[in-house]
Amino acid sequence: MKSSKRLSRKFEREAFEFIDRLDRLSTIGAVMAATERMLARYGFEHFSFSGVPHNSDSMPGIVLAHRIPAELFKVYVERHYADIDPSMRHLRRTTEPFRWLDVPYNAEREPKAEELKALVTDFGLSQGFFVPIPSPAGTFGNVWMAGSKLELTARTKPALHLIALYAFDRVLRLARPLPDQRPRLTAREQEVLEWTASGKSAWEIGMILGIAKRTVDEHAQSAFRKLGAANRTQAVAIAMREHLINT
């Protein structure tokens, strides 16, 4: 049990150190290189930052940046796989990270989906992990990462989730600079997010701060709205990016 907790803290620490380094990178190329090195620690060989395509015509314009094998990317676009890709369909329905092998589809009724699976496997990318990028209006984009031998466990997934959210946000901001408008959080909202970043539940935070769990949830929801976040992980990532909390 202690060993498991130490491993979890190790992955969390790596994620926070990575986020801190990204703040000092000023080009998309530098962010991609740093992300590539980080994801390699978990067995990922390729990844991409992209919007969620409504159809094949929107590809490849919605791809912000990627490290996908050139031939695979070319075939994916030319054969209009975005129209039938079960993962793209699932992205429109969820804001939770998922393995692409876990996405259901009917092989008999969806032969092109089976064809796509075989194609990706031929490139040695038999295992993939998607992190949806949520917004208050629904899934805005996604980070796809894949490899053949992944370190994908209950301990690593939270760190990968945070890494993906923050790296996507950094690439997006470099690609589409926005005016500097830092949100204002109350002291209590900052405290709640700081304890959330350390892995505490709403009930535990309430015990630490001497307030009810319901009050913790109210402060958290208020912070989410101000930050434009759809969940706790994204809120922590944004607050860290804006240096609104200490970690």
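A residue is called buried when its relative accessible area is under 20%, exposed when that area is over 50%, and partly exposed in between. By this rule Thr35 counts as buried, because its relative accessibility is 2%. The model described here is predicted, and the mean pLDDT of its chain is 85, with 92% of the residues reaching 70 or more.

**Confidence and the surroundings of Thr35**

Among the elements of the chain, helix H2 (residues 28–40) has the highest mean pLDDT, 94, whereas helix H1 (residues 2–22) has the lowest, 72. Where pLDDT is low, the predicted coordinates should not be read in detail. Thr35 lies in helix H2, and, not counting residues up to four places away in sequence, Thr35 touches Phe18, Phe47, Phe49 and Ala167.

**Strands S1 and S2**

Two of these contacts of Thr35, Phe47 and Phe49, recur in the description of strand S1, where they share one side with Gly51. In a regular strand the side chains alternate between the two faces of the sheet. In S1 both faces are covered, since His46, Ser48 and Ser50 on one side are buried, as are Phe47, Phe49 and Gly51 on the other. Six of the six residues of S1 are buried, and the strand is therefore largely enclosed by the rest of the structure. S1 pairs with strand S2 (residues 63–67) in the antiparallel sense over four bridges, and within this pairing the bridge partner of Ser48 is His66 in S2.

**Strands S3 and S4**

Strand S4 (residues 127–135) has seven of its nine residues buried, so S4 too is largely enclosed by the rest of the structure. Its antiparallel pairing with strand S3 (residues 98–99) runs over two bridges, and Phe98 stands opposite Phe130 of S4.

Phe129 is also found in strand S4, and Phe129 is buried because its relative accessible area is 1%. Leaving aside neighbours within four places in sequence, Phe129 is in contact with Phe44, Pro97, Phe98, Arg99, Trp100, Val143, Trp144, Met145, Leu152, Lys157 and Leu160. One of these partners, Pro97, is 32 residues away along the chain, yet the C-alpha atoms of Phe129 and Pro97 are separated by 7.3 Å.

**The second largest pocket**

Phe130, the residue of S4 that stands opposite Phe98, also belongs to the lining of the second largest pocket. That pocket holds about 460 Å³ of space and is lined by 25 residues, of which Tyr76, Asp85, Met88, Phe130 and Trp144 lie nearest its centre. Two or more lining residues are given by each of strand S1 (46–51), helix H3 (70–78), helix H4 (86–91), helix H5 (111–122) and strand S5 (138–147). The largest share, four residues, comes from H5. By residue type the lining divides into 18 nonpolar, five polar and two charged residues.

Asp122 has its place in helix H5 and is exposed, because its relative accessible area is 67%. The C-alpha atoms of Asp122 and Trp144, which are 22 residues apart along the chain, are separated by 17 Å. His80, for its part, sits in the loop between H3 and H4. Most residues other than glycine have a negative phi. The phi of His80, in contrast, is positive, near 55 degrees, and His80 counts as partly exposed at 39% relative accessibility.

**Helix H10 and the loop before it**

Asn231 is found in the loop between helix H9 (213–227) and helix H10 (232–241), and with a relative accessible area of 13% Asn231 is buried. Asn231 touches Thr95, Pro134 and Phe224, not counting residues up to four places away in sequence. Thr233, in helix H10, is partly exposed, with a relative accessible area of 26%. Leaving aside neighbours within four places in sequence, Thr233 is in contact with His161, Leu162 and Leu165.

The table gathers the C-alpha separations of selected residue pairs.

| Residue pair | Separation in sequence | C-alpha to C-alpha distance |
|---|---|---|
| Phe129 and Pro97 | 32 residues | 7.3 Å |
| Thr233 and Thr196 | 37 residues | 8.5 Å |
| Asn231 and Ala220 | eleven residues | 9.3 Å |
| Asp122 and Trp144 | 22 residues | 17 Å |

Technical notes
Residues numbered from 1 in each chain as written. Predicted model: local features only at pLDDT ≥ 70, side-chain atom pairs only at ≥ 80, totals over all residues. Heavy atoms only, no water. 1 Å grid on protein atoms, 1.4 Å probe; cavity = no way out; pocket = protein on both sides within 12 Å on 5 of 7 lines; lining within 4 Å. Points joined across faces, edges and corners; volume = space filled by probe spheres on them. Nonpolar A, V, L, I, M, F, W, Y, C, P; charged D, E, K, R; others polar. Buried < 20%, exposed > 50% of the residue type's maximum accessible area, 1.4 Å probe, protein only. Pairing = 2+ DSSP bridges. pLDDT = per-residue confidence, 0-100. Contact = heavy atoms within 4.5 Å.
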